[in-house]
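Colleague: Got a minute to go through the charged pairs here? I'd like to hear the reasoning behind each label.

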Amino acid sequence: MIGRLFGRGRVDASGHVIDFYEKPGCHLCEDALAVVEAEASRAGAELRRHNILEDKDLQRKYGELIPVVVIDGEQHSTWFVQEARLRQALR
């Protein structure tokens, strides 16, 4: 299951939670999101999307790094997402 969540949570099949930090109009974000959505679905992980423009702290933290993928609280990737590496992390 994939969820587009803002402040809500739930438990999914794999138990993994993926936080995806992005902003509108970011072509790298769009490319990475396609990979993240597919792998989250495959693994049964929860996907939470975060628009960094809605939070000044997120803008400061991730502004130059987006997209950023965080799995279970650990930063996994920035700028580009490697499908095989993400799949391995979600096993």
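Modeller: Sure. One definition to start: buried means under 20% relative accessible area, exposed means over 50%, and partly exposed is what lies in between. Keep in mind that this is a predicted model.

Colleague: Why is R87 called partly exposed?

Modeller: R87 has a relative accessible area of 25%, which falls between the 20% and 50% cut-offs, so partly exposed is the label.

Colleague: And what makes E39 buried?

Modeller: Its relative accessible area is 2%. Buried means under 20%, so E39 qualifies.

Colleague: How do you know that R87 and E39 form a salt bridge?

Modeller: The N to O distance is 2.7 Å. The cut-off is within 4 Å, so the pair counts. R87 sits in helix α3 and E39 in helix α1, so the bridge ties together parts 48 residues apart in sequence.

Colleague: Which residue of helix α3 does R87 also pair with?

Modeller: E83, with the closest N and O atoms 2.8 Å apart. The two are 4 residues apart in helix α3, about one helical turn. E39, R42, E83 and R87 are linked in a network of salt bridges.

Colleague: What makes R48 and D19 a salt bridge?

Modeller: Their closest N and O atoms are 2.9 Å apart, and the limit is 4 Å, so they pass. R48 lies in strand β2 and D19 in strand β1, so this pair links parts 29 residues apart in sequence. D19 is buried at 7%, while R48 is partly exposed at 25%.

Colleague: How many salt bridges are there in the whole structure?

Modeller: The search finds 6.

Technical notes
Residues numbered from 1 in each chain as written. Predicted model: local features only at pLDDT ≥ 70, side-chain atom pairs only at ≥ 80, totals over all residues. Heavy atoms only, no water. Salt bridge = Lys/Arg side-chain N within 4 Å of Asp/Glu carboxyl O. Buried < 20%, exposed > 50% of the residue type's maximum accessible area, 1.4 Å probe, protein only.
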